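Open your viewer and get ready to click through a model one stop at a time. At each stop you will be told what to select and what to look for.

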Amino acid sequence: PSGFTCESLRSFGDFLIALNTTEGGVNFPSRVRFSNIALANNAPDSWDASDTTKSAGFNDLSQMGTPIVDGATLGSNFIVYSSDQVWQMEFVGGTFIFNFRKLFQDRGIINQNCVVEVSGKHYVFDADDIYIHDGLSDQSIVDGRIRDYIYSGIDTSSLNRCFVQYDPVRQDIYFSYKSSDDMAEFTNGDGCNRAAVYNIQSNTWSFMDLPNVFAGTVANITTVATFAT
């Protein structure tokens with residue numbers, strides 16, 4: 001609606017989910033607002049929680065002590081992340097439409113776009129750990145391995161540059177950040193200059209220099225040589 005903004009807008013099933021909303025100039029940092037059910041390839045026709053003919057609504061996660069940062073689908077559920085808590089949003093239908101419950105008290109996310117879903121698990125870049133979870137249990141994948149190296153070199157003034165990107169061909173997950181460690185290249189820019197790369201199949205880590213980048217995506221690039229080139 002006019003005058004409404006949010007920190008993150010994600011799709012979940014037939015809904016759009018607005019996270020950490022500002023409504024009429026008032027910020028609701030722990031609010032999860034969901035739209036009316038949308039038809040395929042169409043925007044939802046309503047966000048009005050007072051309209052009983054629609055499925056739109058909202059819920060304030062009042063137990064969440066820090067603002068919501070982002071969210072992402074995990075299987076048939078939606079996971080909501082703040083900097084120090086993780087909540088699950090489950091579609092139940094009926095009067096309440098969604099059910100909310102806290103998953104983890106001592107986990108969170110470092111920035112937007114810092115979680116990817118692979119094979120029914122979320123891989124999450126947190127402020128002091130990189131972990132995976134399936135909506136039930138969580139496990140660090142850097143503790144005792146490269147955790148100290150990543151977090152001793154990460155530029156804490158540029159945490160809002162961090163992002164995570166999955167390469168399905170190589171089964172690599174890039175945890176990208178701005179680093180000031182002694183081996184970092186491209187240190188005079190503002191974007192991410194380092195990626196800790198986790199290979200799912202081999203359960204191994206490597207590092208890659210990045211030329212000050214801010215995001216990633218998967219796309220097809222034509223590399224076939226032609227007569228003209």
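The tour below visits a sheet, a loop, an enclosed strand, two turns and some charged pairs.

**Before you start**

This is a predicted model, in which local features need pLDDT of at least 70 and side-chain atom pairs count only at pLDDT 80 or more, while totals for chains, interfaces and linings use all residues. Residues are numbered from 1 along each chain as its sequence is written, and side-chain values use heavy atoms, with hydrogens and water left out.

**Stop 1: an open sheet**

Show the cartoon and find strands S1 to S4, which form an open sheet of four strands in the order S1-S2-S3-S4, with antiparallel pairing. Strand S1 (4-12) and S4 are at the edges with a single partner strand each, so one side of each has no neighbour in the sheet. On average, neighbouring strands here are turned by 30° against each other, direction ignored; the axes behind such angles are lines fitted to C-alpha atoms, for helices over the stretch in contact, and angles run from 0 to 180 degrees between N-to-C directions. The strands themselves are DSSP runs (E, at least two residues; helices are H or I, at least four), numbered from the N terminus. Two strands count as paired if DSSP finds at least two bridges between them.

What holds such strands together? Strands of a sheet pair through backbone hydrogen bonds, either parallel or antiparallel.

Now select strand S2 (residues 15-23) together with S3: six bridges join this antiparallel pair. Click Glu23 and look across to Val26 in S3, which stands opposite.

**Stop 2: the loop after S3**

Next, select Ser46, in the loop between strand S3 (26-34) and strand S4 (57-60). Is Ser46 buried or exposed? Ser46 has a relative accessible area of 10%, so it is buried. The cut-offs are under 20% for buried and over 50% for exposed, with partly exposed in between (1.4 Å probe, protein chains only).

Which backbone nitrogen does the side chain of Ser46 reach? That of Asp48, at 3.0 Å. Show the surroundings too: apart from neighbours within four places in sequence, Ser46 is in contact (heavy atoms within 4.5 Å) with Ser35, Asn36, Lys54 and Ala56.

Stay in this area and select Asp45 and Lys54, which form a salt bridge whose closest N and O atoms are 3.2 Å apart. A salt bridge here is a side-chain nitrogen of Lys or Arg within 4 Å of a carboxyl oxygen of Asp or Glu. Asp45 is exposed, at 55% relative accessible area, whereas Lys54 is partly exposed, at 29%.

**Stop 3: an enclosed strand**

Select strand S6 (residues 77-82). Six of its six residues are buried, so the rest of the structure largely encloses this strand. Turn on side chains: Asn77, Ile79 and Tyr81 point one way, and Phe78, Val80 and Ser82 point the other way.

Add strand S5 (residues 68-74), which pairs with S6 in the antiparallel sense over six bridges. Here Ile68 has Ser82 as its bridge partner. Two residues lie between the strands in this hairpin, where Gly75 takes a positive phi near 65°.

Then add strand S7 (residues 86-93), joined to S6 by five bridges and running antiparallel. Ile79 has Gln88 in S7 as its bridge partner, and a hairpin of three residues links S6 to S7.

**Stop 4: two positive phi values**

Select Gln171, in the loop between strand S13 (163-167) and strand S14 (172-177). Gln171 is not a glycine, yet has a positive phi of about 55°. Now move to Asn203, in the loop between strand S15 (192-199) and strand S16 (204-213). Asn203 is also a residue other than glycine, with a positive phi near 55°.

**Stop 5: charged pairs**

How many salt bridges does the structure hold? There are 13. Select Arg107 and Asp129, whose side chains meet in a salt bridge (2.7 Å, N to O). This pair links distant parts of the chain, 22 residues apart. Arg107 is buried at 11% relative accessibility, and Asp129 is buried at 4%.

Finish with Asp209 and Arg194, a salt bridge with its closest N and O atoms 3.2 Å apart. Asp209 is in strand S16 and Arg194 in strand S15.

Key:
A polar contact is a pair of N or O atoms within 3.5 Å; within protein, one must be able to donate a hydrogen and the other to accept it, and residues adjacent in sequence count only if both atoms are side-chain atoms.
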